[in-house]
Number of protein chains: 2
Amino acid sequence: MASKHDHSHAIEEVARQLPSDELLCDLGDLFKLFGDTTRIKILYSLFESELCVCAIAELLKMEQSAISHQLKILKEAKLVGSRRSGKLNIYYLADDHVRAIIGQGFEHLTEDEK
Amino acid sequence: MASKHDHSHAIEEVARQLPSDELLCDLGDLFKLFGDTTRIKILYSLFESELCVCAIAELLKMEQSAISHQLKILKEAKLVGSRRSGKLNIYYLADDHVRAIIGQGFEHLTEDEK
DNA sequence: CTATCATATGAACAGTCATTCAGATGAACG
DNA sequence: CGTTCATCTGAATGACTGTTCATATGATAG
């Protein structure tokens, strides 16, 4: 069975090397986090220094609520962390992988302008 | 101007180091490509060897049409390329950055299981 | 305690997007 | 040519998701 022409052996070979469905889904979900301009900007903003919510909102010229929503998503994914300082909630990058991943994407974009 | 408490100096500092809006958008668009389970699976399938459309469809147990749509997106983004071989259209990874980016994401997922 | 500032939250809306279905294209082969 | 197989394409649909608006929470200062 399978289709008309037979490449079942090749398929099995590839299938064997393919990570589990769950891992591949997690991988997709991870990249989904980076796949939004606002979130990318937030993460990038936190590259150099931690920032409070309203500073990020000002920086990106967006409503505080929008930033807050995205920060929540990033925090649930453990890409950022936060701490209180008086009235301010200060957010910071929680993981150095964030820099590595964005860095790779950056390289891809800047290297091959042909 | 600005908000009630003043962090304009910090904001300007960060803003100076922030890449252009256009680049950040491109970055988001790039990661968006990886942010879909089907596309991740397709790309991963092509890690080891090039494959024709129907082989990918079989491998992922999905309709050929769905695969074809996603391949088109990946090709427009120049992440994959294709060549004809008889009746078959064979797709392959067009860029080694794809491996690097997915590899980074993979590392993030596998390293920190706490 | 009350007013105020920073932030969080929930519902609603709009836009995006992946999949499906039906049909078109295009190469190979008799 | 006409058929067959592999692939592509476009429209339609349903699901998802980012933003906004209005409001709630929570901490601080007076």
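**Exercise 1.** How many residue pairs are in polar contact between chain A and chain B?

*Solution.* Before counting, some ground rules. This is a predicted model, where local features need pLDDT of at least 70, side-chain atom pairs count only at pLDDT 80 or more, and totals for chains, interfaces and linings use all residues. Residues are numbered from 1 along each chain as its sequence is written, chains are lettered from A in the order in which they are written, and side-chain values use heavy atoms, leaving out hydrogens and water.

Step 1: a polar contact is a pair of N or O atoms within 3.5 Å; within protein, one must be able to donate a hydrogen and the other to accept it, and residues adjacent in sequence count only if both atoms are side-chain atoms.

Step 2: with both residues at pLDDT 80 or more, the count is 8 residue pairs.

**Exercise 2.** Find the salt bridges across the interface of chain A and chain B.

*Solution.* Step 1: look for a side-chain nitrogen of Lys or Arg within 4 Å of a carboxyl oxygen of Asp or Glu.

Step 2: that rule gives 2 salt bridges. One of them joins Lys41(A) to Asp21(B), with the closest N and O atoms 3.2 Å apart.

**Exercise 3.** Work out how the two copies are related.

*Solution.* Step 1: superpose them by least squares on the C-alpha atoms of residues with pLDDT of at least 70 in both. Chain A lands on chain B after a rotation of 180° with 0.0 Å of shift along its axis (RMSD 0.0 Å).

Step 2: the copies are therefore related as by a two-fold rotation axis.

Step 3: check the contact residues (heavy atoms within 4.5 Å). Of those in chain A, 100% recur in chain B, so the same surface serves both copies.
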